[in-house]
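Welcome! Have a look at the structure below, keep it open beside you, and try each exercise before reading its solution.

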Amino acid sequence: MAKAKSNTEEYLRMYAQMVRIRTFEDNANQLYLSAKMPGLTHMYSGEEAVAVGICEALTDDDRITSTHRGHGHCVAKGAEFKEMFCELLGKAEGYCRGKGGSMHIADQSHGNLGANAIVGGSMGIATGSALRAKLQGSDDVTVCFFGDGATAQGLWYEVMNMAALWKLPVIYACENNGYSEYTKTEEIAAGSITARAEAFGIEAHQVDGQDVLAVNELTRKLVERARKGEGPFFIELMTYRYHGHHVGDINREYYRSKAEEKDWRDNRDPIIRFRAHLVSEGIATEADLDALNAEIEKDAAEAVAYALEAAYPDASEVGQHVYAA
Amino acid sequence: MREITLSQAVNEAIAEEMRRDETVFLMGEDVAEAGTPFKVLSGLVEEFGTGRVIDTPISEPGFVGMAVGAAMTGARPIVDLMFGDFIFLVMDQLCNQAAKQHYMSGGKLRVPMVLRTNMGATRRSAAQHSQSLQALVAHIPGLKVAMPSSAYEAKGLMKTAIRDNNPVVIFEDKLMYQDKAPVPEEEYLIPFGQAHVKRAGSDITLIGTSSMVQVAEKAAAMLAEEGISAEVIDPRTIVPLDEATLIESVKKTSRAIVIDEGHQSYGVTAEIASRLNEKAFYHLDAPVLRMGAMDVPVPFSPALEDLTVPTPEGVVANARQLCAGEMIHAA
Ligand SMILES: Cc1ncc(C[n+]2csc(CCOP(=O)(O)OP(=O)(O)O)c2C)c(N)n1
Ligand SMILES: [Mg+2]
């Protein structure tokens with residue numbers, strides 16, 4: 001584990017946030033499997049250290065843009081279970097009043113500009129947010145999350161060029177989980193991904209996305225520098241998704257072996273690793289952490305129960321929000 | 001006759017044409033081993049190899065542009081665009097490049113390519129995976145647009161599209177992939193620009209595209225119980241459009257409802273309704289009604305999403321009023 005200078009409270013919060021993401025996803029998957037959730041959803045499980053390591057380096061004024069695999073970013077940026085589950089179930093009390101669902105969940109109160117169902121679709125939005133910060137003399141930073149697959153979108157190269165020319169406070173965070181849908185990254189990405197950012201003169205880093213402290217330490221430094229006008233930056237985070245591409249992608253051995261999945265789960269799990277670190281450093285005991293886990297599970301169960309009972313939006317809402325007042 | 005799914009029909013059409021013509025090849029995201037997320041293309045890479053069934057990165061403008069170039073120089077690409085909503089990413093390649101080459105070159109260049117994609121809401125996929133965008137491409141001269149309403153049409157129209165010397169966009173309804181219909185074993189093609197009268201009737205004409213043909217058929221069955229005789233017509237291709245068959249029907253019935261899953265405003269229904277008004281005006285007993293999707297982004301919540309698309313009940317209610325003479329809004 002990389003060492004980051006931080007206090008106990010922050011460490012425990014990072015642990016709790018990772019467990020909250022995993023717990024959220026376990027419940028969401030269960031809702032899908034029991035046919036209680038409309039549509040499909042993409043699980044973030046396995047990638048928790050990426051969202052948490054990054055978002056713990058940000059304030060509520062800092063913005064993020066998220067992806068189709070967005071629950072982790074949303075939780076990490078501070079969202080509540082209740083409003084999230086309500087959104088996943090299309091209920092009126094959801095973050096988007098049930099209009100967005102899993103792939104469009106957004107939480108402005110914590111600076112989450114929203115998930116996006118178009119791969120790479122948020123690259124312009126994130127860079128535009130950074131442009132606004134610069135124009136208005138604001139010191140907030142925007143982090144643009146996207147997958148390895150999204151690096152194939154031409155939009156990224158257009159906005160990186162402008163971000164670099166104009167020194168915008170944006171951090172491009174590529175979550176390289178080894179796959180885009182059912183295809184391995186090496187089959188869709190030529191050359192080196194970090195070199196692509198470097199070609200624009202953008203400082204690029206590669207980091208172990210399963211090590212929450214390493215991610216957090218690097219992001220803190222980059223955020224601080226971006227606030228001073230030294231951006232943009234690029235981070236490639238090496239990580240892994242435990243589930244299929246989406247919850248319905250169950251028979252997937254034709255593109256990914258069970259042994260590979262087991263290896264990541266058993267040997268590189270970000271939560272297990274960080275937990276071991278907390279215990280060995282004497283920051284928390286196993287019992288403390290078990291109690292924390294239990295509390296989070298209870299929170300999630302309550303939020304799910306609430307969301308299942310919550311009301312759907314009234315029919316009159318269908319025509320609302322097409323145009324802003 | 002044997003029955004197969006729409007998905008199998010598309011697969012068979014492509015396989016037959018790839019066997020028949022070596023210049024036909026397929027490309028798109030996860031089309032090879034995965035056979036697309038909807039599994040429509042399963043088995044093709046096994047037969048034709050990765051040289052002709054090509055997995056691409058998530059670079060839609062790039063690979064659609066490459067299809068245009070390949071088509072201009074002697075190949076017949078079939079491009080798979082995973083969701084119809086992604087057509088917005090490829091608009092330049094499709095509308096500025098593919099659609100215009102033949103005309104701009106004074107007829108010297110040709111772009112024989114097929115872009116197959118999908119449409120249709122109520123899959124709980126929210127605003128960026130549920131749109132029906134056929135009107136956008138139908139607006140651009142140079143592009144042909146096919147909208148199969150069953151497995152039978154899906155196969156026959158696909159084969160015609162592959163042999164056509166123009167860029168053709170095919171919209172399949174993503175909720176119909178598992179729907180079965182009788183499809184002959186023998187080869188057949190369905191010509192473009194020939195509407196199909198699915199059900200004969202004398203009181204009102206229901207014109208539907210894609211899955212809206214089924215909505216119209218259900219409505220027609222319900223109307224029959226009330227003593228209203230509805231004729232159901234499937235244009236099959238909206239570009240070219242078989243105006244003659246539509247006009248002939250309306251001359252007989254004097255009333256029409258046009259149903260399409262694209263947004264109602266500035267849409268396919270508006271175009272067809274307008275042509276009927278222009279060309280069958282003196283035969284009409286009531287205004288031609290449009291029924292499209294509600295003019296809102298498709299909402300995720302099932303409680304809202306189901307309100308946005310035309311339903312058989314909605315068609316019946318409108319047809320009943322038209323036939324009762326209740327919709328003549330003359331002030
Ligand atoms: C423009 C666009 N093309 C294709 C898709 C379909 N699609 C959704 S997710 C995905 C794979 C994305 O891979 P990656 O960026 O690596 O993210 P991951 O799913 O691995 O988190 C694809 C092809 C889409 N949503 N948008
Ligand atoms: Mg990926």
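The exercises below all concern this predicted model.

**Exercise 1. The metal site**

Find which residues coordinate the magnesium ion (ligand 2), and work out how they are spaced in sequence.

Solution.
- Step 1: Start at the ion and look for the atoms that hold it. The donors come from A:Asp148 (OD), A:Asn177 (OD1) and A:Tyr179 (O), at 2.1 to 2.2 Å.
- Step 2: Now go to the sequence. The donor residues follow the pattern D-x28-N-x1-Y.
- Step 3: Check the surroundings of two of these donors. A:Asn177 and A:Tyr179 are both buried.

**Exercise 2. The place of ligand 1**

Describe where ligand 1 lies, which residues are closest to it, and how much of its area the protein buries.

Solution.
- Step 1: Identify the chains on either side. Ligand 1 sits between chains A and B.
- Step 2: List the neighbours. Ligand 1 is surrounded by 22 residues, and the closest are A:His68, A:Arg69, A:Ala117, A:Gly149 and B:Glu60.
- Step 3: Look for polar atoms. A nitrogen atom of ligand 1 is 2.9 Å from a backbone N or O atom of A:Val119. In the side chain of A:Asp148, an N or O atom lies 3.0 Å from an oxygen atom of the ligand. A:Asn177 places a polar side-chain atom 2.8 Å from an oxygen atom of ligand 1.
- Step 4: Finish with the area. On its own, ligand 1 exposes 580 Å², and the protein buries 97% of that.
- Step 5: Link this to the first exercise. A:Asp148 and A:Asn177 also coordinate the magnesium ion (ligand 2).

**Exercise 3. Two cis peptide bonds**

Locate the prolines A:Pro232 and B:Pro240 and say which elements flank each one.

Solution.
- Step 1: In chain A, a cis peptide bond connects A:Gly231 to A:Pro232, with omega about -5°. A:Pro232 belongs to the loop between α8 (212-227) and β7 (233-238) of chain A.
- Step 2: In chain B, the cis peptide bond is between B:Val239 and B:Pro240, and omega is about -5°. The loop that holds B:Pro240 runs between β12 (237-239) and α9 (243-253) of chain B.

**Exercise 4. Positive phi: buried or exposed?**

Decide whether A:Ala35 and B:Arg124 are buried or exposed.

Solution.
- Step 1: Begin with the backbone. A:Ala35 has a positive phi, near 60°, and is not a glycine. B:Arg124, also not a glycine, has a positive phi of about 60°.
- Step 2: Place each residue. A:Ala35 is in the loop between α1 (8-33) and α2 (48-55) of chain A, while B:Arg124 is in the loop between β5 (114-119) and α6 (134-138) of chain B.
- Step 3: Apply the cut-offs: buried is under 20% relative accessible area, exposed is over 50%. A:Ala35 counts as exposed because its relative accessibility is 68%. B:Arg124 has 19%, so this residue counts as buried.

**Exercise 5. A β-α-β unit**

Trace the unit made by β13(B), helix α10 and β14(B), and find its handedness.

Solution.
- Step 1: Pair the strands. Strand β13 (residues 256-263) of chain B runs parallel to β14(B), with four bridges between them.
- Step 2: Pick out one facing pair. B:Ile259 is opposite B:Met291 in β14(B).
- Step 3: Add helix α10 (residues 268-280) of chain B. Together with β13(B) and β14(B), this helix makes a right-handed β-α-β unit.
- Step 4: Check how covered β14 (residues 289-293) of chain B is. Four of its five residues are buried.

Key. Residues numbered from 1 in each chain as written. Chains lettered and ligands numbered in written order. Predicted model: local features only at pLDDT ≥ 70, side-chain atom pairs only at ≥ 80, totals over all residues. Heavy atoms only, no water. Donors = N, O, S within 2.8 Å, 3.2 Å for Na, K, Ca; no water. Buried < 20%, exposed > 50% of the residue type's maximum accessible area, 1.4 Å probe, protein only. Helix = DSSP H or I, 4+ residues; strand = E, 2+ residues; numbered from the N terminus. Pairing = 2+ DSSP bridges. Right-handed = clockwise from strand over helix to strand, strands pointing away. Near = heavy atom within 4 Å. Polar contact = N/O pair within 3.5 Å; in protein donor to acceptor, adjacent residues only side chain to side chain. Areas by Shrake-Rupley, 256 points an atom, 1.4 Å probe, with all protein chains shown as cover.
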